Amino acid sequence: GGEGGEGGEGGERSPLAIKQAAGPRLESLPLEAAAAAEAVQPSPGPARLLTGVRSVHVQLERPLLGGAVVALSAIENAYVLLSARGVGPHHPDVAALRVAIEHLTALEGDFWVRLRGAGLTYGASLYNLPESERLQLTLYRCGDALAAYSASKEIIAEYASGAATLSQVDLEGAKSSLTYNLISSTSNKPAAVSAQWAAGYTGVQADYTGWLLSKVEEVTAADALRALSAHLTPLFEASAVLVVSSPAGKAKELADSLGEVHGNSEPLPVLAEDELSSKLCGGDAADVSPPP
């Protein structure tokens, strides 16, 4: 190559022509860009702003708002969301809890038969979100939100008290279904690469799926029931956050009834639709009063 060429012998390479495997190095940038990049480099030594954080999400010890009913004129059915503390990706109960959830939410399972089958709600979903260590139960398109809440609570209470049991056939079915779901999530090369890339951001090892599969295989019926009792029962206690979207005409009634069954000493607060619009769409953020 000629003098000054990019790759020729004896030629001087332009700083921008240097190819890096993972991000640019300061010496490969023009002087102005290098100075700007150096200015935003992290200072040596660990940051001391937060300590003891085990999750990629920062959680408040006590929620700012324990619950609310949002009155909306555009919907005909209610939507119920319950949220409580869950377990992290390496918690000793993570596999047993996922097996229990798989059993409850299976096709023709308890939630399907006693919620959707009874006409109380169009569907229900129950998840443990390991990255944020939150449990979330959603009842959507409820014809009778109070009855759907009560039936969900009754299902969990029956297993927790021993009135309902988990047979070996049910256990193996839940484990097989969960195993299939875990494997299918990385069933092709792009999905597998994406999962390993994301592992660096969610605080798990690259082979986390394989590790979790081995733990699922070890789960017994007693393990699943113990995890259910320990982690799902609090969803229906006053410490859990309960948020409901309701038709405007039923909001006050649901606020009273759900506030009572959820263990609160007073009705849930009702957020009117015009109040939501003014707070979320108009005015400055400073105009919104913080919760008491």
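Let's start at Arg114, which is partly exposed at 27% relative accessibility; here buried means under 20% relative accessible area, exposed over 50%, and partly exposed in between, with a 1.4 Å probe and protein chains only. This is a predicted model, in which local features need pLDDT of at least 70 and side-chain atom pairs count only at pLDDT 80 or more, while totals for chains, interfaces and linings use all residues. Residues are numbered from 1 along each chain as its sequence is written, and side-chain values use heavy atoms, leaving out hydrogens and water.

Arg114 forms a salt bridge with Glu154, meaning that a side-chain nitrogen of Lys or Arg is within 4 Å of a carboxyl oxygen of Asp or Glu. Side chains of opposite charge can pair when their charged atoms come close. By this rule the count comes to 5 salt bridges, including these three:

| Acid | Base | Closest N and O atoms |
|---|---|---|
| Glu154 | Arg114 | 3.2 Å |
| Asp93 | Arg226 | 2.9 Å |
| Asp256 | Lys252 | 2.8 Å |

Asp93 lies in the loop between E2 and helix H2 (94-104) and Arg226 in helix H8 (residues 221-231), so their salt bridge ties together parts that are 133 residues apart in sequence. Helices (H or I, at least four residues) and strands (E, at least two) are DSSP runs, numbered from the N terminus. Asp93 is buried at 10% relative accessibility, whereas Arg226 is partly exposed at 42%. Asp223 joins Asp93 and Arg226 in a network of salt bridges.

Asp256 and Lys252 sit 4 residues apart in helix H9, about one turn of the helix. Asp256 is partly exposed, at 30% relative accessibility, and Lys252 is exposed, with 54% relative accessible area.

Now for the wider fold. The protein chain has 10 helices and 6 strands. The 6 strands form an open, mixed sheet in the order E3-E4-E2-E5-E1-E6; two strands pair if DSSP finds at least two bridges between them. Strand E3 (121-129) and strand E6 (270-271) are the edges, each pairing on one side only. Helix H9 (residues 251-261) packs on this sheet, touching E1, strand E2 (78-85), E5 and E6, where contact means heavy atoms within 4.5 Å.

Is Ser246, in strand E5 (residues 241-247), buried or exposed? Ser246 is buried, with a relative accessible area of 0%. Leaving aside neighbours within four places in sequence, Ser246 contacts eight residues' worth of surroundings, among them Val69, Leu72, Ala78 and Leu254.

How values were computed:
Axes are lines fitted to C-alpha atoms, for helices over the stretch in contact, and angles run from 0 to 180 degrees between N-to-C directions.
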